[in-house]
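Please open the model in your viewer and keep the selection panel at hand. The tour goes from the whole chain to single elements and then to single residues.

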Amino acid sequence: MNYNEIKTILLQIHDPAERLEFVMDLGRQLVPIPENVRSTEIKGCASHVAIYRDENNNYYGESDSVLVRGIVVLLLSMAAGKSPAQLRDENLADEFESLHLHLGTGRMNGVNGVIEFLTKE
């Protein structure tokens, strides 16, 4: 499922708890980090999060939290196929905020950490 499809579904769900359940379900789509590659652990996350970007701007991730895996899927779907330079031209933080997930401060620190990774060369 691409980002536009995810966003369309999320914006049709009005109950905040159901929205978070949908995000947790997205976590099943997280493409695992290939073996024998060096991933980057994301700083600022309350949960363990690691991401790998290959030379074609394909993104892979892992997390030890069901909700965070879904959040990572959301963020990586926003970034799919885009270089850090292209992502810097977009405002990923505002786009994520437009989803109205109402995450706590700790989770938002993690979101910002992932966005920082995605926009860094």
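## The whole chain

Select the charged side chains to begin with: the protein carries 11 positive and 18 negative ones, and the centres of the two sets lie 4 Å apart. Bear in mind throughout that this is a predicted model.

Now switch to a cartoon view, in which six helices and three strands can be picked out, following one another from the N terminus in the order α-α-β-β-β-α-α-α-α. If you show the C-alpha trace and align the view to its principal axes, the spans are about 40 × 30 × 25 Å. The radius of gyration is 13 Å, which agrees with the value near 14 Å that a compact globule of 121 residues would have.

A surface representation comes next. The protein exposes about 6,800 Å², of which carbon and sulfur atoms supply 46%, while 44% of the 121 residues count as buried. Among the contacts with a separation of 6 or more, 58% are accounted for by residues 24 or more positions apart.

## Helix α3

Select residues 66–79, which form helix α3. From its first C-alpha to its last, this helix of 14 residues reaches 20 Å, close to the 20 Å expected at 1.5 Å a residue. How many of the 14 residues of α3 are buried? Twelve of them are, and the helix is accordingly described as mostly covered. To see them, colour Leu67, Val68, Gly70, Ile71, Val72, Val73, Leu74, Leu75, Leu76, Ser77, Met78 and Ala79, which are the buried residues in α3.

## Helix α6 and what covers it

Move on to residues 105–118, the helix α6. Its end C-alpha atoms are 20 Å apart, in agreement with the 20 Å that 14 residues should span at 1.5 Å a residue. The buried residues in α6 are Gly110, Val111, Gly113, Val114, Ile115, Phe117 and Leu118. As background for looking down any such element, an α-helix has 3.6 residues a turn, so residues three or four places apart point the same way. Which elements cover the buried residues of α6? The cover includes β1, β2, β3, α3, α4 (84–88) and α5, so that showing these together with α6 gives a view of its surroundings.

Within α6, centre the view on Ile115. Because its relative accessible area is 12%, under the 20% cut-off, Ile115 counts as buried. Leaving out residues up to four places away in sequence, Ile115 touches Leu75, Leu92 and Ala93. A distance drawn between the C-alpha atoms of Ile115 and Leu92, which are 23 residues apart along the chain, should read 6.8 Å.

Gly106 is also in helix α6, but with a relative accessible area of 36% Gly106 is partly exposed. The C-alpha atoms of Gly106 and Arg88, 18 residues apart along the chain, are separated by 23 Å.

## The loop between β2 and β3

Select next the loop between β2 (49–53) and β3 (59–63), where Asn57 has its place. Is Asn57 buried or exposed? At 15% relative accessibility, Asn57 counts as buried. If its neighbours within four places in sequence are set aside, Asn57 is in contact with Ala80, Gly81, Lys82, Ser83 and Pro84, and these can be shown as sticks alongside.

Asp54 lies in the loop between β2 and β3 as well, and with a relative accessible area of 12% Asp54 is buried. For a longer view, draw a line from the C-alpha atom of Asp54 to that of Ile9, 45 residues away along the chain, and the separation is 28 Å.

## Two residues with positive phi

The last two stops concern the backbone. Most residues other than glycine have a negative phi, and most peptide bonds are trans.

Select Asn36, in the loop between α2 (16–26) and β1 (40–41). Although Asn36 is not a glycine, its phi is positive, at about 65°. Asn36 is exposed, with a relative accessible area of 80%.

Finish at His102, in the loop between α5 (92–97) and α6. The phi of His102 is near 55°, again a positive value in a residue other than glycine. With a relative accessible area of 65%, His102 is exposed.

Terms used:
Residues are numbered from 1 along each chain as its sequence is written. This is a predicted model: local features need pLDDT of at least 70, side-chain atom pairs count only at pLDDT 80 or more; totals for chains, interfaces and linings use all residues. Side-chain values use heavy atoms; hydrogens and water are left out. Helices (H or I, at least four residues) and strands (E, at least two) are DSSP runs, numbered from the N terminus. The radius of gyration is taken over C-alpha atoms; the globule rule is 2.2 Å times the number of residues to the power 0.38. Buried means under 20% relative accessible area, exposed over 50%, partly exposed in between (1.4 Å probe, protein chains only). Contact means heavy atoms within 4.5 Å. Accessible areas come from the Shrake-Rupley method with a 1.4 Å probe; for residues, only the protein chains shown count as cover. Lys and Arg count as positive and Asp and Glu as negative; His and the chain ends are not counted. The place of a charge is taken as NZ of Lys, CZ of Arg, CG of Asp or CD of Glu. The expected span of a helix is 1.5 Å times one less than its number of residues.
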